[in-house]
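Got your viewer open? Let's walk through this model together, one selection at a time.

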Amino acid sequence: MKSCVTIALVPEIKTGPWIYWNDLEASMAKAADLGFDAVELFTASADAVPADRLAALADQFGLKIAAVGTGAGKVLHGLTLTDPDPAIRSKAVAFISDMMAFGATFGAPAIIGSMQGNAVSGIEKKQALAWLAEGLNTLGKRAEDQGVKLIYEPLNRYETNLINQLETGVSFINSLETRSVVLLADLFHMNIEETSLAESIRSAGSHIGHVHFADSNRRPIGRGHTAMNDVATALKEIDYQGYISAEAFPWPDSDQAATQTITSYRQYFSS
Ligand SMILES: [Mn+2]
């Protein structure tokens, strides 16, 4: 497993659960100092950070780019893959596609979280899931062409009414034409939705391609009541090799949250 910390560069979502904010270079320097293996980026668009600048910084600090978030497409532009308007769905696919190409430069997959949207008023859930499948099939094909996976994230019920649990997520991605989509196990969402975090991880097994590392209250691991020992044991049992990425509130501040995160990571995964 590999440690990772989130950096958000979108001022409009300043209240969100990201450890570092605003200054890419300073944040990467801090992440490297603490010994993180990688960073996960949340940017406003695919060209918000020039790829050559990011490559130079990654090289300078010895950090990998673990994944790139696509949520700005919804937050800034109101796009989702399940909007009833086909023009908006098409723009959502284009936005994610651009972000995926940016990430693929670094071997980093794109994450589809809030861009999945919802079955909105007047739309059957079955229809929304069909639109989501259509979008993921198109994007999964492009991911395959670019040599990266595409990460799909089940969210808790307050953020989507489509897919809230890993088990439903596994059935859904197995129903797709593309084999390029993997699941994101976000421990915060799972804490709300799963009967047992460890059992869900064991069942989803090799379908898990990314982990969001946050405690029950979205604070850094160790600052809530998630039974992290059981979760870590389950991830080792399924031989998870991916990133353990801190998508948690910068509580009480970014530096302390980052330190808490790497300390917890080492406690549970370094052995
Ligand atoms: Mn997440």
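Which protein donors does the manganese ion have? Select the ion and show the side chains around it: you'll find Glu-153 (OE), Asp-186 (OD), His-212 (ND1) and Glu-247 (OE), lying 2.0 to 2.2 Å from the metal. Keep in mind as you click around that this is a predicted model. Along the chain, these donors follow the spacing E-x32-D-x25-H-x34-E. Glu-153 sits in the loop between β6 (150–152) and α6 (166–174), and Glu-247 in the loop between β9 (243–246) and α10 (254–269), so this pair ties together parts that are 94 residues apart in sequence.

**Stop 2: Glu-247**

Stay with this donor and leave its loop between β9 and α10 on display. Is Glu-247 buried or exposed? Its relative accessibility is 8%, and since anything under 20% is classed as buried, Glu-247 counts as buried. Glu-153 is buried too. Now pull up what Glu-247 touches, skipping residues up to four places away in sequence: the set is Thr-6, Pro-17, Trp-18, Glu-153, Asp-186, His-212, Phe-213, Ala-214 and Arg-218. Hang on to Arg-218 from that set; we'll come back for it.

While that loop is on screen, select Trp-251 and Pro-252. The peptide bond from Trp-251 to Pro-252 is cis, with omega near -5°, and Pro-252 lies in the loop between β9 and α10. Most peptide bonds are trans.

**Stop 3: the strands**

Next, select strand β7, residues 181–186. How many of its residues are buried? Six of six, so the strand is mostly covered. Add β6 to the selection: β6 and β7 pair in the parallel sense over three bridges. For one of the partners, pick Ile-151 and look across to Val-182 in β7.

**Stop 4: Glu-193**

Move on to helix α7 (residues 187–193), where Glu-193 is found. This glutamate is buried, with a relative accessible area of 10%. Put a C-alpha to C-alpha distance on Glu-193 and Leu-155: they are 8.7 Å apart in space and 38 residues apart in sequence. Leaving out neighbours within four places in sequence, Glu-193 is in contact with Asn-156, Arg-157, Asn-164 and Gln-165.

**Stop 5: a helix pair**

Now show helix α8 (residues 197–204) together with helix α9 (residues 228–237). Their axes come within 8 Å and cross at roughly 10°. Angles under 35 degrees count as roughly parallel, and α8 and α9 are therefore roughly parallel to each other. To see the contact itself, select Leu-197, Ala-198, Ile-201 and Arg-202 on α8, then Asp-230, Val-231, Ala-234, Leu-235 and Glu-237 on α9. Colour them by class and you get six nonpolar, no polar and three charged residues.

**Last stop: two backbone oddities**

Time to check some phi angles. Most residues other than glycine have a negative phi. Here's Arg-218 again: it has a positive phi of about 70° although it is not a glycine. Arg-218 lies in the loop between β8 (208–212) and α9, and at 5% relative accessibility it counts as buried.

Then jump to Asn-22, in the loop between β2 (20–21) and α1 (24–34). Asn-22 also has a positive phi of about 70° without being a glycine. What is its relative accessibility? For Asn-22 the value is 44%, which counts as partly exposed.

Technical notes. Residues numbered from 1 in each chain as written. Predicted model: local features only at pLDDT ≥ 70, side-chain atom pairs only at ≥ 80, totals over all residues. Heavy atoms only, no water. Axes fitted to C-alpha atoms, helices over the stretch in contact; angles between N-to-C directions. Helix = DSSP H or I, 4+ residues; strand = E, 2+ residues; numbered from the N terminus. Parallel < 35°, antiparallel > 145°, perpendicular 65-115°, else oblique. Contact = heavy atoms within 4.5 Å. Nonpolar A, V, L, I, M, F, W, Y, C, P; charged D, E, K, R; others polar. Donors = N, O, S within 2.8 Å, 3.2 Å for Na, K, Ca; no water. Buried < 20%, exposed > 50% of the residue type's maximum accessible area, 1.4 Å probe, protein only. Pairing = 2+ DSSP bridges.
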